[in-house]
Structure formats: structure tokens, C-alpha cells
Amino acid sequence: MSATKSHLEVFPAGVKLVLWLGLLALLAFPFVGTEFYTQMVTRMMIMAIFAMSLDLLQGVTGLVSLGHAAYFGLAGYALAFLTPQSEAVSLWWTLPLSVLAAGAAALVIGFFVVRTHGIYFIMVTMAFAQMVYYVFFDNRALGGSDGLYIYFKPTAQVGSLTLFALDDKVTMYYFTLAMVLLVYLFLRRLLWSPFGRALAGIRVNEHRMRAMGFATFGYKLSAFTLAGALAGLAGYLWGVQTEYINPDLMGFHTSAHAIMMVILGGMGNFAGAIVGAFTFEYLLHVFKDLPYVGEVHLGKHWQLWMGSFIVLVVLFAPRGVLGVVQALTTRGARQQKDGDV
Amino acid sequence: MSEILLTAKNLTKRFGGLAAVDKVSLELVRDTIHAVIGPNGAGKSTLTNLLSGDLPVTSGRIQIGAQDVTGWRPEQIARQGLGRSYQKTNIFLPFSVWDNVFLAAQARDPQQPWNPLRWMRRAANSAGARRRCSAAIELAGLQDRRDAIAATISHGEQRQLEVAMTLATEPQVLLLDEPLAGMGVAEAERMVALLLRIKKDHAMLLVEHDMDAVFTLADALTVMVNGQVIATGTPAQIRADANVQAAYLGEEH
């Protein structure tokens, strides 16, 4: 009975250990990895922030948004507009402003979409995201289909002293890692707050929440806005790293990838979203690199392999990679509680 | 002396041409249980849904205390001091008993979902919610099942949990929609005892099919048939009412 299956919210010791080891590996990676891979892991971490922001809606609140990339892309565009062609701008105000812009867009769109439920919510979030997409795609002044270059990476200065330089690959890596940790700790704390508990209640039974006195509209709108703002943080970092932003980043595919990341890793606990983002991006790398077999270029059909993999995960590990880790590390101790994996 | 906590005047609900509830008036008084009985389809559940705001009224007024709440949303009515349980068990199945009741208890705390300062508190640290939660669980007799997952407890316990969640919001007015539905004899006896315990300080509307329980519990009765009230009075008056016997009691017993 799927309605009775709860998310993995409290981590058993085995899962915690794996997460700590993962953190250690991330801390050490730039010392062992090549520059190419350091950049790749930076991108994975950016997507991890994006996936965590979606998990707040999808995993915690039960709102599946097919338009979450709109907020990711908007913050990237904000950075592109704020950065002139002649000089670098400061991180201190472009970062908050870009995040704020994404959050404001989510607040306005959320005002309309959180009134809908289920399949309608999915459709309406997608419709709004497509509108945003075409506003940028069809508008030369906004970069059009080619997108925009970000000519300088933002600077992090105090007075005339440069604290750190984001154009250094390793610095960018550690800055992104710090952001991942910050967002993760923030969301984990939020999960156990009255706000987070109410969001989980809305996922399971919104009707009863209202009957008990929760004005669920305000909760859902707040979650939608916050998720949009955090997606904006990821989009900003994406802009900083790639120095280029285009409408595809706001498109349907980017949104769908984030949904798959959250499902792959395991929903509703944010750690799963991180694991899912890493898994997804890594598989993307592997599948796209697949060789020719005779006439057929396997790598060109990466969607097929990715799709099959996700189907297998959903069928055999509905709690995602993190659920598998939990099952493996708690072997004999498995209880009757929620019998999956 | 008898303090009226909820007043409904001429409540009407039409679905197309059908008047599911037709000009029903009633008053719920503190420290009393007011039972609504009637055959299936009489409009009892619709009446409950009108009072709780789950359904909008077609016409008529609802007052909680001196406050007119006609047209209010369910969450607003709940915060005005009305708590309800459901005929079909309506709980948080994947959560523990404690977490189910705690969420209800938390509903009484100030709610500011947009306030970032509140995002960083621990829900479990709310002293008020903890107190309300413990009290409701104890009152409902679920203290030994606190940590059990709601989906795994027995049907009778789930019905007790329904009531505990309703109590945890500390309402003045209770609407209980068939709390004994589907219960065995022993479970039903436990529930009747529970309802008698919580009668004090509450004004209770009880929709119930179990006539033994109704006549044990009720201080006042309203009998509905086809959306209309055909009789109102004390249990003794209702028992003696010829209309009621013809329309309802006689058929079933």
C-alpha cells in the first residue's frame, strides 16, 4: 500500500556513515581529480542544490513541479544582466539579487499554481515555465535562442582585498561545496521545524490539515517561493561556472531531469536529492560516452539507457539509491515497518 | 447556565434540484452531546460538512459563539474552535500515533509559514503542542501506542486516534461523524466511555448509527429524514415520537 510508505527522514547510522564518507570524498577530490573532473563535480554539486530545492516541493510537500527549471534559469539570466561587458561585479549583491529574482518569480507564479492539485499542478507549473522559456527564446533583447554570455565571474572582495576568486576552478569547487552544505543543513533543519512538519502533513493528507486549522495555501506558497529561490542559487552558480546562459536551461528537459534526480536518490530527505544529482550526472557522462557498436552509436541514445535505468530504480528500489544504502547497511535489522527494497 | 457554543439557522444545501440538507436549525450546548440520527442518505454527513466548512452552504447561517462563520474556510472554522472527526478514517497513515496527534496540536500554535525565523525552530520543542498532544493521547487511551505507525494499528485504535487528533486542537465544539463505525462490541464500549469523558467542557454533535450508543450518550436528539428535521428533543421524547418510530426506529429495530 503506497499510501502507507513514509519517506526515509531519519537516517540510520549506516546511511549517516556513507554520507560522511561522501563529504570527505568531496573535500578531498580536487587534490586527486584532474581539472576536467573537478569542474564536472562542481557541476554535479550545482545540480545537487537544484535537486534539493525541488525535493522541498516534490519529496516533502508532495507537489511535483514540471517547471522548476524556470527559476534556475531566471537567476542565471539575472547574473547575465547584472554583469556588464566591461568589468566584474560583486558577488555580495549579485548573488542575493539573483536569488531574490528567482524567488519573486516563484512567488508570483506560485500564487496561481499552488491552488491546483495533482495532475493539474504538474500541467500548470509546466505551462508557466514554458511561458518564461518563450519570453526569453523569442526576445532578442533577452538574448533570444542563443542566450547570453556572462563576461566576468563575480568577485568576492572586502574593501580592496579579494577574499576568493571564482575564476579559479578549485576555489569555485569549494565555494559550491560550501553552498551545498549550507543549503543541506538549512533544509534539514527546516524539515523538523513546525513549517517542515506541516509541509509533510500536507503531502500525506492536505484535507485533514485544513480541518485541523492549517491554512495550507500559505504553507504551499511559502514552500514554492523558497524552492524557487534555492533553485535560483543553483542557477546563479551555473551561470558563474559556465559563463553562459540560454533558454534551454529553463526548458522542460531541465525540469524533468531534476525530477528524475530526486526520484533516483530518494525523496523527502535532501540527502537523497544530492545522491540523485550525482548519480544522474555521472550516468549522463557514462551513457553519452558509450561507443559505436557496428552502425549504432550507443552514446547518442543516452536517453534510452537513462530511462531504462530509472524504470529499474522505480521498480526495484522505490526509495532510491539512498534507500538501497539504508537496506544494505541495516541488513538483518529490517523490520516490518515499510517493506520495500 | 447552558451556554450555546454553536448555532445553525435554516441551513440548506442543494445539489442541483436535491435538497440534501433542508432548513436545518440546531444549537450545540456546552457539556452536552447532541446526536443526529436518521437513515442512510438523510443528510447527516452533509450537515456535518456544512458546519465544518468542508462544503459551502446554499443558504442559512452558522455561528460559533457570537461569531458568524458562514462561508468561512475549514481552516478558519477550525481555528475558531471547531474540531471534527470523519466517518471514513482520515488520518496520516505513514506517521506514528504521536506525530498524527502532534500535528493537530501544532495547529493551535501561531502559524506564520512565511516567517524564516520559524523555519529554524524544532517543531518538537513547542511546549504547548507537547502538552496538548500528551493530554489528547492520554484522554483517548492511546498512550501505549504512541510510537506505532498509524497504518499498522487496529481499526478501533484508528478511530480513537481520529478523536485524539480532534481533541488536540482543543476545540470547544466537536463534530464526531460516526465514531463507532465498524467497531466491535468491546471497542464500541471503549469509545462510548471516551465520549462520556470528553463531554465535559465541550459542545458535541454526534452522528451515529449505533442506537444503543446514541441513547446512552445523547442529551438531545435531532432526527433527520430526506434532509429535513422530523423531530428534535430529549431521548425520552424521541423514543415516544410516533413520526420517528414510523420513519426510522421502527424500520431498523
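**Exercise 1. A small sheet in chain B**

In what sense do S4(B) and strand S5 (residues 67-68) of chain B pair, and over how many bridges? Then place this pair in its sheet.

*Solution.* Keep in mind as you work that this is a predicted model.

Step 1. Start with the pair itself: S4(B) and S5(B) are antiparallel, and 2 bridges hold the pairing. As an example of facing residues, B:Gln63 stands opposite B:Asp68 in S5(B).

Step 2. Look at the link between the two strands. S4(B) and S5(B) form a hairpin with 2 residues between them. In the turn you will find B:Gly65, which has a positive phi of about 60°.

Step 3. Move to the next neighbour. Strand S1 (residues 4-15) of chain B runs antiparallel to strand S4 (residues 59-64) of chain B, and 5 bridges join them. Here B:Leu6 has B:Ile64 in S4(B) as its bridge partner.

Step 4. Go one strand further. S1(B) and S2(B) are joined by 8 bridges and run antiparallel. In this pair, B:Leu11 stands opposite B:Val24 in S2(B).

Step 5. Put the strands together. The result is an open sheet of 4 strands in chain B, with the order S2-S1-S4-S5 and antiparallel pairing. At its edges are strand S2 (18-29) and S5 of chain B, each pairing on one side only.

**Exercise 2. A second sheet and the helices across it**

Which strands are the edge strands of the open sheet of 6 strands in chain B? Describe the sheet, then find helices that lie across its strands.

*Solution.*

Step 1. Write down the order: S6-S7-S8-S3-S9-S10 of chain B, with mixed pairing.

Step 2. Read off the ends. Strand S6 (82-85) and strand S10 (228-233) of chain B are the edge strands, and each pairs on one side only.

Step 3. Check how the strands are turned. On average, neighbouring strands of this sheet are turned by 15° against each other, direction ignored.

Step 4. Zoom in on one pair. Strand S9 (residues 220-225) of chain B pairs with S10(B) in the antiparallel sense over 5 bridges. B:Met224 has B:Val229 in S10(B) as its bridge partner.

Step 5. Now add the helices. Helix H1 (residues 44-52) of chain B lies across strands S3, S6, S7, S8 and S9 of chain B, and runs at about 150° to S7(B). Helix H6 (residues 155-168) of chain B lies across S6 and S7 of chain B, at about 170° to S6(B).

**Exercise 3. Two partners of one helix**

At what angles does helix H12 (residues 320-329) of chain A cross H1(A) and H9(A)? Describe each contact.

*Solution.*

Step 1. Take helix H1 (residues 13-32) of chain A. Its axis and that of H12(A) come within 8 Å and cross at roughly 120°. That makes H1(A) oblique to H12(A). The crossing of these two helices, H1(A) and H12(A), is right-handed.

Step 2. Name the residues. H1(A) contributes A:Gly14, A:Val15 and A:Val18, while H12(A) contributes A:Leu322, A:Val325, A:Gln326 and A:Thr329. Sorted by class, the contact of H1(A) with H12(A) has 4 nonpolar, 3 polar and no charged residues.

Step 3. Turn to helix H9 (residues 252-265) of chain A. The axes of H9(A) and H12(A) come within 3 Å and cross at roughly 10°. Angles under 35 degrees count as roughly parallel, so H9(A) and H12(A) are roughly parallel to each other.

Step 4. Name the residues again. On H9(A) they are A:Ile263, A:Leu264 and A:Gly265; on H12(A) they are A:Gly320, A:Val321 and A:Leu322. This contact of H9(A) with H12(A) has 4 nonpolar, 2 polar and no charged residues.

**Exercise 4. One residue in a loop**

Is A:Pro291 buried or exposed? Describe its surroundings too.

*Solution.*

Step 1. Locate A:Pro291: the loop between helix H10 (271-288) and strand S5 (292-293) of chain A.

Step 2. Count its neighbours. A:Pro291 has 8 C-beta neighbours inside 10 Å. A residue is exposed if the count is 12 or fewer, so A:Pro291 counts as exposed.

Step 3. List its contacts. Not counting residues up to four places away in sequence, A:Pro291 touches A:Leu298 and A:Gly299.

**Exercise 5. Where the chains meet**

How many residues of chain A are in contact with chain B? Find out where they come from.

*Solution.*

Step 1. Count both sides: 27 residues of chain A are in contact with 31 residues of chain B.

Step 2. Find the helices involved. Helix H6 (169-191), helix H7 (194-212) and helix H8 (216-242) of chain A each supply at least two residues of the side that touches chain B. H7(A) gives the largest share, 12 residues.

Step 3. Sort by class. The side of chain A that touches chain B has 12 nonpolar, 9 polar and 6 charged residues.

Methods. Residues numbered from 1 in each chain as written. Chains lettered and ligands numbered in written order. Predicted model: local features only at pLDDT ≥ 70, side-chain atom pairs only at ≥ 80, totals over all residues. Axes fitted to C-alpha atoms, helices over the stretch in contact; angles between N-to-C directions. Parallel < 35°, antiparallel > 145°, perpendicular 65-115°, else oblique. Left-handed = near helix turned anticlockwise from the far one by under 90°. Contact = placed C-beta atoms within 7 Å. Nonpolar A, V, L, I, M, F, W, Y, C, P; charged D, E, K, R; others polar. Buried ≥ 20, exposed ≤ 12 C-beta atoms within 10 Å, placed from the backbone. Pairing = 2+ DSSP bridges.
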